[in-house]
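Q: Please take a close look at one part of this structure, the salt bridge that ties two strands together, and describe what surrounds it. Give the cut-off behind each term as it comes up.

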Amino acid sequence: MDIPANGFYVHYKHDSTRGPHDHMYEVVGVARNTEDKTFLVLYRPLYENDWFAPALYQARPLEMFMGTIQKDGQVMNRFRKIFDPVLIADLEDARNKLYG
């Protein structure tokens, strides 16, 4: 079973015209549903987002998080891990401003 490492990810719906951090997230861990024993990825947005308040985190089934989608005839990961150190530093700043 693949488990995403904690860190920063970009969702395939990212659109920089809606802001530099649009659809960028910080994965903070993986949880297990105690009722059906499924795994969930816990993450939070790194852009202004008020639709999920007052929750602190969003959760998505692990298989969906790690899965692929088809967009414009191409198969791609739903989420991609960010490795660029400059972008990571920027996202750390965004996280600190949003969450303290």
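A: Arg44 and Glu26 meet through their side chains in a salt bridge, with 3.0 Å from N to O. The term salt bridge here stands for a side-chain nitrogen of Lys or Arg within 4 Å of a carboxyl oxygen of Asp or Glu. Because Arg44 belongs to strand β3 and Glu26 to strand β2, the pair ties together parts that are 18 residues apart in sequence. Strands (E, at least two residues) and helices (H or I, at least four) are DSSP runs, numbered from the N terminus.

The model is predicted, so local features need pLDDT of at least 70 and side-chain atom pairs count only at pLDDT 80 or more, while totals for chains, interfaces and linings use all residues. Residues are numbered from 1 along each chain as its sequence is written, and side-chain values use heavy atoms, with hydrogens and water left out.

Both partners of the bridge are on the buried side of the scale: Arg44 has a relative accessible area of 14%, and Glu26 has 10%. Buried means under 20% relative accessible area, exposed means over 50%, and partly exposed lies in between (1.4 Å probe, protein chains only).

Apart from neighbours within four places in sequence, Arg44 is in contact with Met24, Tyr25, Glu26, Val28, Leu56, Tyr57, Gln58, Arg95 and Tyr99. Contact is defined as heavy atoms within 4.5 Å. One of these residues, Gln58, is in strand β4 (residues 58-61), where the side chains alternate. Gln58 and Arg60 point to one face and are buried, while Ala59 and Pro61 point to the other and are not. In a regular strand the side chains alternate between the two faces of the sheet. Strands β3 and β4 run antiparallel and are joined by four bridges; pairing of two strands requires at least two bridges between them in DSSP. Ala59 in β4 is the bridge partner of Leu42.

Tyr25 is another contact of Arg44. With the same allowance for sequence neighbours, Tyr25 is in contact with Gly7, Phe8, Tyr9, His11, Tyr43, Arg44, Pro45, Leu46, Tyr47, Gln58 and Phe79. Tyr25 is also part of the largest nonpolar core, whose nine residues are Tyr9, Tyr25, Val27, Val41, Tyr43, Tyr47, Leu62, Phe65 and Phe79. The elements that give two or more residues to this core are β2, β3 (39-45) and α1 (62-65). A second, separate core has six residues, among them Phe8, Val10, Leu46 and Leu91. A nonpolar core is a set of buried Ala, Val, Leu, Ile, Met, Phe, Trp, Tyr and Cys residues joined through side-chain atoms within 4.5 Å.

Val27, a member of the nine-residue core, lies in strand β2. At 2% relative accessibility, Val27 is buried. Beyond its neighbours within four places in sequence, Val27 is in contact with Ala5, Asn6, Gly7, Tyr9, Val41, Leu42, Tyr43 and Phe65. For one of these, Ala5, the C-alpha atom is 7.5 Å from that of Val27, although the two residues are 22 apart along the chain.

Strand β2 (residues 24-32) also holds Val30. Val30 is partly exposed, with a relative accessible area of 32%. With Met1 and Ile3, Val30 forms a nonpolar surface patch of about 300 Å² of accessible area together. Patches are made of residues with over 30% relative accessible area and no salt bridge, like charges being joined within 9 Å and nonpolar side chains (Val, Leu, Ile, Met, Phe, Trp, Tyr) within 5 Å. Accessible areas come from the Shrake-Rupley method with a 1.4 Å probe, and for residues only the protein chains shown count as cover.

Two loops next to these strands have a backbone detail. His23, in the loop between β1 (7-11) and β2, has a phi near 55°, a positive value in a residue other than glycine. His23 is buried, at 14% relative accessible area. Lys37, in the loop between β2 and β3, likewise is not a glycine and has a positive phi of about 65°.

The structure holds four salt bridges in total. Arg18 meets Asp15 at 3.7 Å, N to O, and Asp22 meets Arg18 at 3.5 Å, N to O. Arg18 is exposed, at 52% relative accessible area, Asp15 is partly exposed, at 26%, and Asp22 is buried, at 6%. Through shared partners, salt bridges join Asp15, Arg18 and Asp22 into one network.
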